[in-house]
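Please look over the sequence and the structure shown below before reading on. The report that follows takes a few places in the chain one after another.

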Amino acid sequence: MALDALCLAAAAHELRAALLDARVDKVYQPGRNEVVLAMHTYGGNEKLLLCAEPGLARAQLTGLGRENPATPPVFCMLLRKHLTGGRLTAIVQPQGERILRFSFDCTDELGDKVERHLILEAIGTGTNLIFTDGEDRILASTRRMEGDIASGKRQVMAGLYYRLPDPVAGFPPLIRREIEFRGKESVEAGVARLEEEIKQGEFTPTLLLKDGKVSDFSFLPILQYGPTVENVSFPDFKTLLDRYYAEKEMGQRASQRAGGLQKTVQTLRDRARRKVANQQRELAQAKDRENLRRKGELITANLYRLEKGMTRAAVEDYYEPDCPTVEIALDPRLTPQQNAAKYFKDYAKARTAEEILTAQIAKGEQEEEYLESVLEGIALAEGDRDLNEVRRELEQGGYLRGKKAAKREMKTASKPLELRSSMGLRISVGKNNTQNDLLTCKAAGKWDWWFHAQGHHGAHVILWTEGAEPDDQSVEEAACLAAWYSQGREADKVAVDYTQVKYVKKPAGAKPGMVVYTTYQTAMVKPQTL
């Protein structure tokens, strides 16, 4: 769901309690429309995430790490210049609007005290993050809006004064339906009551699960769906929104960040698939080679009856029990001996073609499988470093032409996902073929445990045990992760093979991420993350 005005009010109440008078230590911009402020509070350090991505817009405290680009964007550099060292003085939400204004007391380059504002507009396709000075003059925004002076459509550009967008009428649909479902008061009275309760801090961050998967969230239990939807209460919006958007963003990550890389690999995959299909048709034709040899021998047996210039030869087929008469096409330009030799030559070519095509088809099928694994690596990519690693893998494999890297580009490789099981054991998840090879073939010890979804492309998961016997709970959680970070994540149950690393081998010359394994066990688990 989009973060509606009432839910945003509840989230803002939580932000005020945690962040007012906090100091901005650092500013990051992980994505084009995402800003993270590292805040130092009296109770410790917090990270404030402001996301202006359509469909994902929100303001929240977050405990999740985000990968930052090698070079900070211009918007990030501007925020660092003005906000670093400043204190958050107010978080204001215009009545009934999906807008939050964060006000900061800062110091300019001359040492004077100044006010700055960071405004999150979570309003559908017009979602934006706008930075203004103390007089509300726009300094920068993540999305430039040209507007239309003639029609009065609002402009959002540096140098102009900020003004609120046109108000959005109506109550949040989910809350309207919930009030009507409960039937104790009118929608207007119910919304007024909820607004007052939110001001008093009386709300319960609630995650809605349908068939075990995140479906929606709100600031109160939602009863209108009955037993088909499970309500799960959370202690705060920080934990709830991290859980909700971690799963929601995973499904959108590839399309949002991968750009043309995914389309390029899909094209390569489809080309390999078509090539294999063509070779299989040629192979089917080559398997008819025995008929060519038979025709050559029948012509040879009947040379005394044939002459140059004939277009067809009617001969008895002594390969059949009743020796039926068959007709064989002849090239009138060739002698009977030359016609027989031609059939024998075509037979030899077909026999050679079968050998070559069989090998080429096997190679093509491996290539198709490999490109499928690359697509899964793109889907699991969590940032530019992951995607750049996939690009480098394709360049090294000759699938993409390498580009000259900019001098300032960071060469640091991306890292596998690191988690802990409920019992405290370390679990590593490879997000692409390069990371899978690193984990399985180099980093893991032979006594550690290796997990992979059976029959699906996906992550190599390592459960680090340092030679000890792993507990059942950690094994199950590692298997669930292997299922989740695979192409089988949408299934209710996934078979996951697991074994010690010593039983996993990489064949000589195998493509990145490809391994074989023996002496394994299989667990049927539900795909889920920790």
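## Ser486 and its surroundings

The side chain of Ser486 reaches the backbone nitrogen of Gly488 at 3.1 Å. This value, like every other one here, comes from a predicted model. Ser486 belongs to the loop between α11 (472-484) and β19 (494-500), and with a relative accessible area of 1% Ser486 is buried. Leaving aside residues up to four places away in sequence, Ser486 touches Glu376, Ala453, His456, His457 and Gly458. The C-alpha atom of Ser486 is separated by 31 Å from that of Gly124, and these two residues are 362 residues apart along the chain.

One of the residues that Ser486 touches, Glu376, is found in helix α8 (residues 336-380). Is Glu376 buried or exposed? Glu376 has a relative accessible area of 5%, and because buried means under 20%, Glu376 counts as buried. When residues up to four places away in sequence are not counted, Glu376 is in contact with His457, Gly458, Tyr485, Ser486, Gln487 and Arg489.

## Helix α3

In helix α3, which spans residues 173-182, the residues Leu174, Ile175, Glu178 and Ile179 are buried. Seen down the axis of α3, the buried residues fall within an arc of 130°, and therefore they line one face of the helix. The elements that cover these buried residues include α1 (5-19), α4 (187-199) and β11 (213-218). Just after α3 comes Gly183, which takes a positive phi of about 65°.

## Strands and their partners

Strands of a sheet pair through backbone hydrogen bonds, and the pairing can be either parallel or antiparallel. Strand β11, which helps to cover α3, is part of an open sheet of three strands in the order β11-β10-β12, with antiparallel pairing. Because β11 and β12 (229-233) stand at the edges and each has a single partner strand, one side of each is left without a neighbour in the sheet. From one strand to the next, the twist averages 30°. Within this sheet, Leu208 stands opposite Asp216 in β11.

Further along the chain, β15 and β16 form a hairpin with five residues between the strands, and in this hairpin Gly424 takes a positive phi near 95°. Strand β16 is also joined to strand β18 (residues 461-463), and these two run antiparallel. Ile427 of β16 stands opposite Leu419, while in β18 the bridge partner of Ile427 is Leu463. The table sets out three antiparallel strand pairs.

| Strand | Partner strand | Bridges between them |
|---|---|---|
| β15 (residues 417-420) | β16 (residues 426-429) | four bridges |
| β16 | β18 (residues 461-463) | three bridges |
| β10 (residues 206-210) | β11 | five bridges |

## Cysteines

A disulfide is a covalent bond between the sulfur atoms of two cysteines. How many disulfides does the count give? With a limit of 2.5 Å between the two sulfur atoms, the count comes to zero disulfides. Cys7 is in no disulfide, and the nearest cysteine sulfur, which belongs to Cys51, is 15 Å away. Why is the sulfur of Cys51 not bonded to that of Cys76? The sulfur of Cys76 is the closest cysteine sulfur to that of Cys51, but the distance is 15 Å, which is too far for a bond. Cys7 is buried, with a relative accessible area of 0%, and Cys51, at 0% relative accessibility, counts as buried too.

Technical notes:
Residues numbered from 1 in each chain as written. Predicted model: local features only at pLDDT ≥ 70, side-chain atom pairs only at ≥ 80, totals over all residues. Heavy atoms only, no water. Buried < 20%, exposed > 50% of the residue type's maximum accessible area, 1.4 Å probe, protein only. Arc of directions from axis to C-beta. Contact = heavy atoms within 4.5 Å. Pairing = 2+ DSSP bridges. Axes fitted to C-alpha atoms, helices over the stretch in contact; angles between N-to-C directions. Polar contact = N/O pair within 3.5 Å; in protein donor to acceptor, adjacent residues only side chain to side chain.
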